[in-house]
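Trainee: Could you walk me through the side-chain features of a new model, one kind at a time?

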Amino acid sequence: MKKTQTPLNPNLLSQAAFDSLREEISKDFSSFRNIVILAVDNNFQIQLYNKTFEEKVLEIYRIEINQNVTLEDIFTRESDYQTIITCFTKALKGKTFSNIQKLGIQVSRYYESFYTPLYDAQKGITGAVLFARDLSEISQDEATIQNAEEQLKKMASVLHLGLALEEIIYNDEGEPIDCIFRFINHQYEKFTGLKEQEVINKLVSQVIPDAQDGSFWLDKYKSAIISGETLSFDHYAPYIKKWFNIVAYCPMQHRLALLLTDISDRKTSENKIKQSEHLYRTIVNSLMAGVVSFDRNISIISMNQEAERIIGLNVEQFKETMKSKTMTFYDEYNHLMPLVETPPERVIRTKQPILNEIQGFINQSTKKMVWVNLSVVPIYDAKGELEQIISNFIDITDRKLMEDRIQEDKKALYIEKRQAQETLIAITEGVVSTDAMGVIKNFNKVAEEITEWSRQDAIGKHFNEIIQLVSQDGKAVESPVVWMLENQQHSLKKIHYILHSKNNHDYHIECSSAPILTTEGELLGVVVVFRNITDELALARNILMERQRLERVVEASTDILLEVNNDKVILNISGKGLEKLKITARDVVGKRISDIFVNSIDNHDYAYYQALLGNTYVYDWEHHVKDQIIWFESTLSAIYDENNQIIGVINIARETTERKQKQIEIEFLSTHDGLTQIHNRHYFVQKMETLDYPYHYPLGIFMADMNALKLVNDVFGHQVGDEALKIIAGILKQSFRQEDVVARIGGDEFAVILTNTTYERMVSRKALIQSRVSAACVENVPLSIALGFHMKTNIDQKLSDVVRAAETAMYEDKRLISRAYNQKLLSTFQTNLYHQYPQELLHAEKTKEYCKRLIECCNLCVEDCRQLELASQFHDIGKIFIPPSIYQKPNKLTMAEYKTVQNHVKQTHQMLKNTEEYEFVADIALNHHERWDGHGYPRGLKGNEIPPLSMALAIADAMAAMTRDRPYHHKMTENQALVELRKGSGSAYDPNMVALFIESFKNKKK
């Protein structure tokens, strides 16, 4: 009969308690509508409940409340019962609090719950009361939601977007406070690393680290949730180190849709481009040369700081000057060169680069003459088309002024000595003098060597007959003697010619000529001085090539080339390795080593001391860049001057960070366990020897062993087992002092050495570790550990005996707790199965009911009855490993899917076999899918080869399966199921047992 008590009957509680209850209600809730109320006394006996409570119990547990009902009768799901008991316990201790709970077996719902104690007149706690509100009722029409969600899923699938559909949770003021995952697609799993089974029906704040910060939700999604706007923004997820573009909107009330696009690669490319551009600008602006880049239309692209300084104009001003061509230029001989054709235009026209051309111009800012060494080079793309033109120029004003003064001095000296014939013959340059008609009058030894004409043959012949000159590009030129005689120039002129010798050899010469005048200015002839510069040009070209080659090698090298003087001041630094140090040459040149490389300063000082003594020295050093440590190996050698005196040190530094890290890693792995990162057995044995000394007594030894590791590995896989070992290692590490030695000495074995310890400390550590381990779990699997310890207090004890005593204590501890722990594990597996597939609980109960009928009709003995009933409870526990996609599939299974289903009997057998309490029913469960005709699984047993209890379980399991709804067929009536059993008699089932079973139903009807 259903209880007839009136909801909120004050006679069930003391007047003081009821007044307290009424006060709490008025204080925390505006009315009783849709509020669940449940009150209990100090013994958890139900004292009061309202009509809403009765309705919710019937809805989510399918239970009608009767007389003398208890909390355990109502909350039949173990996890729900434990949650309710825990919360009431806190309230009975005087705690008032609220939370959100998920309850129910048939129908799971979320409840906003409020717990508070009840007091009597003397302020003593007489009970506790629960107020709860069903949050699941706040929803839209399910059909509309489902349709919108399906459209979203299809769109995300086509566009390869990550999709998450979330149900929004609001507070009493209508503000969003959290969301519940209702759906995520495969691409969302791939993007985030989250798995569907891990997040569905869970709060976002519990799953995603970003969402634990409330501001993230309110700031990012508030406008989408409240106003219905569609948001699109880029977001960095630090917990997986990825960038996403997120589109968020509410397809309808109470639903939030998130569409994710992984843009990590794009972000990485953008950052690399920015870094590359920044590096290019830094390098160009650091150059001691002016650099201007033009496009193919001679429009300025960029201009560095040195170029602005040399020209005296900024970029925009120089652009206007280039357009108007208002600047004037001078060649190296100070001749005016109007800017009819700019150097980039000349390069485009001639398709030849301009290399090392001397030009002068007026700096537009200082109004002073500036001389530069100019080079203009075209840059072509992959198709051979002109892409850019790079102009670079070096300020050589000081050098040019010095050269001009030198030339003036040489000119004066030459004029003074032009009449000294012996001197002309003796100088190292070729000297030829002519009369006013151009006939050679003097021809020195050097001239003979260059022209390959003898002095005797040359004198008396015209200059043009002996000296044949062409320009550098091979074109004929006017003879300098003829030009001088005709123009009667009184100034020297140095020109670069190519001279064809008598024997058809070509020599590059630098030629100067001057008139020979009387004191009255009468022209007497011409003197020509020329110098063979063929070797100089070749040498200059080789030097240039070697310099460029060296510069390219240094620039391309990953090493760092560092030059310092005797005072350890940096004179030069180069190499790509500078990028690692995050410095440039400009940052460090002119500074001391100790000012820049502050880490490992003692190593640096000693190394340079050795190098300055003339020793080659190799050493390792470290440099810190923000939070990163970079390691280098340096080779130092002394630099000597022409007098063999040491004037500095050259340092070639190579980055060795990776090698150093590997060395550190190898050293770490030699003493640590690779899985748990705590010390290994080798280190433990070594430390036992070094610590076995009276100074460390009492010396404690802890031995620990993880319980049921083999079972966890067999059932859940070695990955879960490894994770369990890491958790236990972490707990052990946290539970001891830093100076204590914690090590993993075997597969599931750990050991600890404690110096200067006490018995009380050992006892407290054991209790602490067991408490922490029992509270830990992995993949919903609780953990357990066996512990034993012993101490060495005097030198006469053997440490090996102490270790054995600790192991003996550990094995005794393991014997006491392993039985209960194995039962707890199996219960956990069963709870997880019923949570994942609630219909399996009903199936197990129905199978047990039919097994009882078989027990009666087959006259089984007491022991067989007990075994069969236990087997019926656990025979399908291995189904926890069947994925929902297969378990709930309405269509025919593929061969691979069917094999996955078949495998559950082996997994059930493995779990039961590893549990001492139930190992005797493992074989019954293993064979309950065998067939009488031998076509069953897993072993294909036939007829009487099948154990009778397994056949009985097979009949009961089949009967229970046929009489309940399944994804691939509707349930049958018992009569229909019995007909199917009769059809399988002799093929699938033992015919005698089926006959007895069917007969039992006929007797029941009678």
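Mentor: Gladly. Let me begin with a single ring: Tyr-606 is partly exposed, with 43% relative accessible area. Keep in mind throughout that this is a predicted model.

Trainee: What relative accessible area does Tyr-609 have?

Mentor: Tyr-609 is partly exposed too, at 48%.

Trainee: How many aromatic pairs does the structure hold, and how do I read one?

Mentor: A pair of aromatic rings is described by two values, the distance of the centres and the angle of the planes. This structure holds 22 aromatic pairs. In one of them, Tyr-606 and Tyr-609 have their centres 6.4 Å apart and their planes at 35°, a tilted arrangement. The two tyrosines are about one helical turn apart, because they lie 3 residues from each other in helix α24 (residues 601-612). Tyr-606 and Tyr-609 also belong to one aromatic cluster with Tyr-617 and Tyr-619.

Trainee: Are the rings of Trp-621 and Phe-632 stacked or tilted?

Mentor: Here the planes meet at 20° and the centres are 4.8 Å apart, so Trp-621 and Phe-632 are stacked. This pair links distant parts of the chain: Trp-621 belongs to strand β26 (residues 617-625) and Phe-632 to strand β27 (residues 628-640), with their positions 11 residues apart.

Trainee: Is Trp-621 buried or exposed?

Mentor: Trp-621 is buried, with a relative accessibility of 3%. Its partner Phe-632 is buried as well, at 1%.

Trainee: Which residues lie over the face of a tryptophan ring?

Mentor: Lys-267 is one of them, placed over the face of Trp-243 at 4.5 Å from the ring centre. Another case is Lys-400, whose charged end sits over the ring of Trp-371, 4.3 Å from the centre.

Trainee: Let us turn to charges. How many salt bridges does a search of the whole structure find?

Mentor: The search finds 31 salt bridges. Take Glu-448 and Lys-445, whose side chains meet with 3.9 Å from N to O. For a salt bridge, the cut-off is a nitrogen to oxygen distance within 4 Å. Both residues lie in helix α16 (residues 445-451), 3 residues apart, about one turn of the helix.

Trainee: Which of these two residues is buried, and which is exposed?

Mentor: Glu-448 counts as buried at 19% relative accessibility, whereas Lys-445 is exposed at 51%.

Trainee: What links Arg-815 and Glu-812?

Mentor: A salt bridge does, with the closest N and O atoms 2.5 Å apart. Arg-815 and Glu-812 are both in helix α30 (residues 799-836), again 3 residues apart, or about one turn of the helix. Arg-815 is exposed, with 53% relative accessible area, while Glu-812 is partly exposed at 37%.

Trainee: Where do Asp-605 and Lys-568 lie?

Mentor: These two form a salt bridge, their closest N and O atoms being 3.8 Å apart. Asp-605 is in helix α24 and Lys-568 in the loop between β24 (560-565) and β25 (570-574), so the pair ties together parts that are 37 residues apart in sequence. Asp-605 is partly exposed, at 34% relative accessibility. Salt bridges can also join into a network, and Glu-840, Asp-876, Lys-879 and Arg-964 are linked in this way.

Trainee: Now the cysteines. How many disulfides does a search of the whole structure find?

Mentor: A disulfide is a covalent bond between the sulfur atoms of two cysteines. The search of this structure finds 0.

Trainee: Why is there no bond between Cys-857 and Cys-858?

Mentor: Cys-858 holds the closest cysteine sulfur to that of Cys-857, yet the 3.9 Å separation is too far for a bond. The cut-off for a disulfide is 2.5 Å. Cys-857 is buried, with 18% relative accessibility, whereas Cys-777 is partly exposed at 44%.

Trainee: Finally, which residues have the most contacts inside the largest nonpolar core?

Mentor: As a general idea, nonpolar side chains in soluble globular proteins tend to be buried together. The largest core here has 78 residues, and Ile-955, Leu-981 and Phe-997 have the most contacts inside it. Helix α37 (residues 948-962) supplies the largest share of this core, 11 residues. Setting aside neighbours within four places in sequence, Leu-981 is in contact with Ile-955, Met-959, Met-962, Tyr-989, Val-994 and Phe-997. There is also a second, separate core of 30 residues, including Phe-53, Ile-60, Phe-75 and Ile-105.

Notes
Residues are numbered from 1 along each chain as its sequence is written. This is a predicted model: local features need pLDDT of at least 70, side-chain atom pairs count only at pLDDT 80 or more; totals for chains, interfaces and linings use all residues. Side-chain values use heavy atoms; hydrogens and water are left out. Buried means under 20% relative accessible area, exposed over 50%, partly exposed in between (1.4 Å probe, protein chains only). Rings of Phe, Tyr and Trp (its six-membered ring) pair if their centres lie within 6.5 Å; planes under 30 degrees apart count as stacked, over 60 as edge-to-face and the rest as tilted. Helices (H or I, at least four residues) and strands (E, at least two) are DSSP runs, numbered from the N terminus. A charge sits over a ring if NZ of Lys or CZ of Arg is within 6 Å of the ring centre and within 35 degrees of the ring normal. A nonpolar core is a set of buried Ala, Val, Leu, Ile, Met, Phe, Trp, Tyr and Cys residues joined through side-chain atoms within 4.5 Å. Contact means heavy atoms within 4.5 Å.
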